[in-house]
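Visitor: Please take a close look at the salt bridges here and at the contact between the chains. Keep it brisk.

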Amino acid sequence: MPERTSRPASGSAQESAAVQTAGSPTRHRHTRLMVAIGLVLSLILAGVVSLYASGSPDGLEKVAEDTGFIDTATDHAAAGSPLADYQASFLDGALGQSVAGVVGVLVTLALFYGLTRLVRRGDRTG
Amino acid sequence: MHVPDGFIDVPTSLGAGVVAAGAIAVSLKGARRELDDRTAPLAGLVAAFIFAVQMLNFPVAAGTSGHLLGGALAAVLVGPYTGALCIAVVLLVQGLFFADGGLTALGVNVTDMSVVGVGVGYLVFLGLVRILPKTRSAVVVASAVAAFVSVPAAAAAFTGFYAIGATSSVPVGTVLGAMVGVHLLIGLGEAAITAATVASVIGVRPDLVRGARHLQAPLDLRITPTTRPLTPGAFDA
């Protein structure tokens with residue numbers, strides 16, 4: 001397929017960007033900064049914005065209520081967890097919700113990093 | 001769409017667990033090819049971000065809410081195999097620590113939201129990216145449509161398990177209609193959040209968006225000029 005010639009500037013800009021940045025230390029720092037910003041954003045979403053989330057039943061729960069099978073749900077085995085229902089049991093009200101959200105983000109991140117290490121270690125040895 | 005314990009009978013839940021475990025094994029293998037020094041930190045962030053955004057239920061209709069499932073989003077950002085692992089880890093954390101999604105229903109939930117959500121989302125995305133122009137906005141549009149379709153697809157997958165192993169006598173057709181109907185609405189929210197997130201990342205670092213790799217200039221075009229001879233005096237004679 002012939003190269004489009006209508007936007008030569010854009011094409012060459014992209015190429016020089018690749019030349020300049022691939023694997024450079026600057027870019028690695030930039031990646032770390034982006035991940036840090038993303039993590040702070042996630043913590044704010046889970047710890048603060050979540051306080052304003054809708055409390056209505058979700059799609060499945062509503063369908064189960066309306067069509068009549070909600071009563072077949074049984075108690076959750078982890079109902080006694082200190083973070084059950086996104087409410088830290090050792091803290092009251094909004095603070096308990098915020099802490100639960102923040103802990104959830106950090107636990108998810110930690111678990112996934114552990115998994116990533118396992119996957120990549122297997123890659124190097126196998 | 002987190003299924004609690006009890007909706008689906010034990011044998012069907014165990015069957016779903018086998019399907020989910022198989023899919024995770026395949027994803028662990030596939031993720032080796034997707035994760036490198038550059039993408040690995042981003043993948044952890046994607047899982048954490050999806051956990052956070054899943055807490056943000058938005059209202060969709062009278063007395064009903066929905067939240068991001070994140071399958072299409074994860075697949076576009078970090079690839080389908082890593083994306084499936086992201087969603088599976090989020091579901092595991094929610095089920096184990098937050099009593100959100102039953103423990104016996106974990107296989108059902110992973111199959112619905114990770115396997116079907118990511119799988120359908122990624123296939124729709126791939127199909128659209130192939131026919132749309134090779135631009136950043138096309139990648140955003142393709143991820144939005146993929147996200148939209150993935151939600152009713154996951155709802156239909158739940159209904160499939162309901163058809164096999166329901167513990168109630170509510171007819172499957174009634175459940176299917178209601179589930180797909182409400183999840184079409186939730187799909188609109190999924191599409192909006194997915195498009196906004198993909199557009200933000202692609203605006204800052206397009207090279208980190210796996211689904212936008214086809215927009216990058218091929219790396220083998222790089223030319224490194226050498227400015228001095230390899231051995232001193234090589235050109236003296």
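Guide: What follows goes through the salt bridges, then the contact between the chains. This is a predicted model, where local features need pLDDT of at least 70, side-chain atom pairs count only at pLDDT 80 or more, and totals for chains, interfaces and linings use all residues. Residues are numbered from 1 along each chain as its sequence is written, chains are lettered from A and ligands numbered from 1 in written order, and side-chain values use heavy atoms, with hydrogens and water left out.

Over all chains, the search finds four salt bridges. The term means a side-chain nitrogen of Lys or Arg within 4 Å of a carboxyl oxygen of Asp or Glu.

Start in chain A. A:Lys62 and A:Asp66 form a salt bridge, N to O 3.8 Å. Both sit in helix α3 (residues 59–67) of chain A, four residues apart, about one turn of the helix. Helices here are DSSP runs (H or I, at least four residues), numbered from the N terminus. A:Asp66 is exposed, at 54% relative accessible area. On this scale, buried is under 20%, exposed is over 50%, and partly exposed lies in between (1.4 Å probe, protein chains only).

Next, B:Asp37 and A:Arg120. Their closest N and O atoms are 2.9 Å apart in a salt bridge. The pair crosses between chains: B:Asp37 is in the loop between α1 (10–34) and α2 (40–54) of chain B, and A:Arg120 is in helix α4 (residues 93–125) of chain A. B:Asp37 is exposed at 56%, whereas A:Arg120 is buried at 17%.

Now stay within chain B. B:Asp207 meets B:Arg38 in a salt bridge of 3.1 Å, N to O. This pair links distant parts of the chain, 169 residues apart: B:Asp207 follows α7 (172–204), and B:Arg38 is in the loop between α1 and α2. B:Asp207 is buried at 10% relative accessibility. B:Arg38 is partly exposed at 27%. Shared partners join B:Arg38, B:Arg205 and B:Asp207 into one salt-bridge network.

Finally, the contact between the chains. Contact means heavy atoms within 4.5 Å. Chain A gives 61 residues and chain B gives 74. The buried area is about 5600 Å², with 72% from carbon and sulfur atoms. That area is the accessible area (1.4 Å probe) that two parts lose on being put together, summed over both. A:Leu60, A:Tyr86 and A:Phe112 supply 14% of what chain A buries against chain B, more than any other three residues. One salt bridge is counted between chain A and chain B.

Definitions and conventions: Helices (H or I, at least four residues) and strands (E, at least two) are DSSP runs, numbered from the N terminus.
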